[in-house]
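Here are a few notes for you on a small sheet and a pocket. Have the model open while you read.

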Amino acid sequence: MRRVSQPDKTLVRLETELANLSASREKLVAQRGAAIDELDKTRADRRENLGQNADIEATSAAVRDLKARITDLDELLEDVDHDISDISGRLTRERAAHDRNERADALEKIASATDKRARDVEVAIAGLKSAISALRAELPEDIKLWPTHYAHRPHGSVDEDNPTASPRELVAGVLADALAQALPDLFDLSRDDYYRSALSRIMTPKGPRADWGSDEPTQPLTAGEACEALISERLRELAKDVRAGTIGSAPESVRRPVTYLKDPSPSRPPDEQVFVTASLSYFATSAGAPLICGRGRAHMLPKPVADIAISRGLGHRMSSPEGIEAFEEEKRRRERIRGNGDGAIRHEDCAALGDVLGLRASADEIAEVERAIG
């Protein structure tokens with residue numbers, strides 16, 4: 001059986017008092033109604049006695065007693081109503097405090113659980129570090145497995161002047177792919193001229209405004225330290241505010257994100273691989289710039305986009321003979337020129353397909369959502 005906490009006992013006591021007062025009030029109202037009925041009957045009897053020259057002293061005494069009884073019942077009802085109002089107010093406040101404490105307890109429980117999980121991550125990272133270090137130790141530092149003159153290294157790479165991929169880059173690539181395969185939702189997929197996939201540090205994890213960027217390089221934290229800075233400490237601060245009543249509830253402490261009325265849903269159409277022969281662009285999200293798909297490459301396009309692109313002569317499905325032929329021709333062309341593409345592609349260089357997927361909310365719809373969220 002669940003142990004009853006002190007706040008629960010207080011609620012039970014107040015609820016019992018309120019129930020008893022309400023029952024008493026019902027009895028008093030019934031007694032007052034009966035007294036009024038009896039007073040009306042006694043006064044009617046006295047009026048009849050007046051016409052018969054009968055002794056009305058006893059009847060008048062009964063009328064006075066009944067009036068006094070009704071006055072006393074009215075005072076009792078006034079006292080009971082006052083007590084009911086007082087207990088109701090206290091009960092409302094106690095319930096609100098109880099709810100806040102429950103929400104705060106839940107947040108603190110989550111904080112403790114995340115701290116524990118972060119320690120589990122540190123144990124796993126120690127094993128992973130050992131395995132990755134052993135893998136790297138197998139590679140000679142001067143090994144040259146593939147050239148990089150055509151590749152697109154991440155900006156700021158320490159190996160940017162190296163004509164071949166370094167052992168560091170090779171092992172980093174193995175680790176990144178292993179993590180992306182096991183935990184794909186932690187990686188951000190982006191595209192400028194080419195697709196990139198990255199797992200990003202939050203460079204400024206502490207303070208009121210965490211940020212992925214910082215003015216100066218920052219030292220990475222352990223899993224426990226990062227979890228405390230980014231999650232558990234913030235949860236405990238939030239719990240403190242909820243418990244103190246300075247915010248209504250945990251979700252209300254943060255402005256709700258705008259969800260535009262035509263955001264992509266789980267029913268997003270399937271993708272098809274299309275070899276693009278002329279650069280094109282289309283809106284892939286409900287906000288932001290159109291996505292550019294450069295010529296001379298195979299792209300995964302949502303089926304409606306693929307259909308329009310092919311109908312306009314901008315590409316071929318890779319499953320078709322035309323797509324395979326175009327792919328092989330582009331491959332031969334790049335071998336001739338010893339290149340991998342046509343450089344940066346601007347939006348004005350593209351055939352703009354527009355909002356094929358119907359993701360864009362109108363200005364009126366966006367304004368409506370903004371008004372709704374305040």
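1. First, a term: a strand here is a DSSP run of E with at least two residues, and strands are numbered from the N terminus. Keep in mind, too, that this is a predicted model.

2. Now the sheet. Three strands make up an open sheet in the order S5-S4-S8, and the pairing is mixed. S5 (291-293) and S8 (351-354) sit at the edges with a single partner strand each, so one side of each has no neighbour in the sheet. On average, neighbouring strands of this sheet are turned by 25° against each other, direction ignored.

3. A closer look at one pair: S4 (residues 280-282) runs antiparallel to S5, and the two pair over three bridges. Tyr282 is the residue that stands opposite Leu291 in S5.

4. On to the pocket. The second largest one has a volume of about 160 Å³. Eleven residues line this pocket, and the closest to its centre are Leu189, Tyr195, Tyr282, Leu291 and Met300. Tyr282 and Leu291, which stand opposite each other in the sheet, are thus worth picking out in the viewer.

5. Which strands each supply at least two residues of the lining of the second largest pocket? They are S1 (188-191) and S6 (297-302). S1 gives the largest share of that lining, with three residues.

6. As for the chemistry of the lining in the second largest pocket, seven residues are nonpolar, one is polar and three are charged.

Methods: Residues numbered from 1 in each chain as written. Predicted model: local features only at pLDDT ≥ 70, side-chain atom pairs only at ≥ 80, totals over all residues. Heavy atoms only, no water. Pairing = 2+ DSSP bridges. Helix = DSSP H or I, 4+ residues; strand = E, 2+ residues; numbered from the N terminus. Axes fitted to C-alpha atoms, helices over the stretch in contact; angles between N-to-C directions. 1 Å grid on protein atoms, 1.4 Å probe; cavity = no way out; pocket = protein on both sides within 12 Å on 5 of 7 lines; lining within 4 Å. Points joined across faces, edges and corners; volume = space filled by probe spheres on them. Nonpolar A, V, L, I, M, F, W, Y, C, P; charged D, E, K, R; others polar.
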